[in-house]
Amino acid sequence: MSSDLAAVWEVALSDGVHRIEFEHGTTTGKRVIYVDGKEIVRRDWMFKLVGKETFSVGKSDTKATINIDAVSGFAYEYTLEINGKSLKKYMENRSKVTSTWVLNLDGTDCRVVLEKDTMDVWCNGQKTETAGEFVDDGTETHFTLGDHNCCVKAVSSGKRRDGIIHTLLVDGTEIAECTE
């Protein structure tokens, strides 16, 4: 990495938290984008110092765009958009469509993400094989992590505003949801 590092963002997706780094050489016009330390875009000698760079992040190829805007003189502002939304709006929306749990199993940290719209379960960046079933008070989505039986229970809150409550059980023990 050079001294042209202009911006760094952390983006939580279903397959993990990704680090996006952007280098902008304002004298050379250079633009370099790294995702998780891997260079994915490099443009040297760009004469237009403002504009956009679009690229993909994560296993589901989520669309990301860095906007480069001139603020004043030779000062620049860099904003990141994910799927066409500002990072802030994207993360607010994401908290509505996913549930995330972080736990330690057998000495290994696990990040479990439930995509509420598809009921897909991800663990440490891998989509997990699941089996869903209807039960008296809602649904249960069963899967295993190592030697542990896991289940995401989805039950109605009874309140329209709160909607459905998702709970992760590992070997019958409830795990607290985390906010990203």
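## Pairing between strands

Two strands are said to pair if DSSP finds at least two bridges between them. With that cut-off in mind, consider this predicted model, in which strand β7, covering residues 75-82, and strand β8 pair in the antiparallel sense over two bridges. Within this pairing, Lys-85 of β8 is the bridge partner of Ile-82.

Strands of a sheet pair through backbone hydrogen bonds, and they may do so in either a parallel or an antiparallel way.

## The sheet from β5 to β8

The pairing just described belongs to an open sheet of four strands, which follow one another in the order β5-β6-β7-β8 and pair in the antiparallel sense. At its edges lie β5, made of residues 51-57, and β8, made of residues 85-86, and each of these edge strands pairs on one side only.

## The sheet from β1 to β4

Another open sheet is formed by four strands in the order β1-β2-β3-β4, and here the pairing is antiparallel. Its edge strands are β1, running over residues 5-13, and β4, running over residues 38-43, each of which pairs on one side only. From one strand to the next, the twist averages 15°.

Looking more closely at one pair of strands, β1 is joined to β2, which covers residues 16-24, by eight bridges, and the two run antiparallel. As one example of how residues face each other across this pair, Trp-9 stands opposite Ile-20 in β2.

## Salt bridges

When the whole structure is searched, eleven salt bridges are found. One of them links the side chains of Arg-19 and Glu-10, with a distance of 3.2 Å from N to O. Both partners can be described by their accessibility: Arg-19 is partly exposed, with a relative accessible area of 35%, and Glu-10 is also partly exposed, with a relative accessible area of 47%.

Arg-42 takes part in a salt bridge with Glu-39, in which the closest N and O atoms are 3.1 Å apart, and the side chain of Arg-42 also meets that of Asp-44 in a salt bridge of 3.7 Å, N to O. A residue counts as partly exposed when its relative accessible area lies between the cut-offs of under 20% for buried and over 50% for exposed. Arg-42 is therefore partly exposed, because its relative accessible area is 40%, and Glu-39, at 37% relative accessibility, counts as partly exposed as well. Asp-44 is likewise partly exposed, its relative accessible area being 42%. Elsewhere, Asp-4, Glu-23 and Lys-30 are joined into one network by salt bridges that share partners.

Notes: Residues are numbered from 1 along each chain as its sequence is written. This is a predicted model: local features need pLDDT of at least 70, side-chain atom pairs count only at pLDDT 80 or more; totals for chains, interfaces and linings use all residues. Side-chain values use heavy atoms; hydrogens and water are left out. Axes are lines fitted to C-alpha atoms, for helices over the stretch in contact, and angles run from 0 to 180 degrees between N-to-C directions. A salt bridge is a side-chain nitrogen of Lys or Arg within 4 Å of a carboxyl oxygen of Asp or Glu. Buried means under 20% relative accessible area, exposed over 50%, partly exposed in between (1.4 Å probe, protein chains only).
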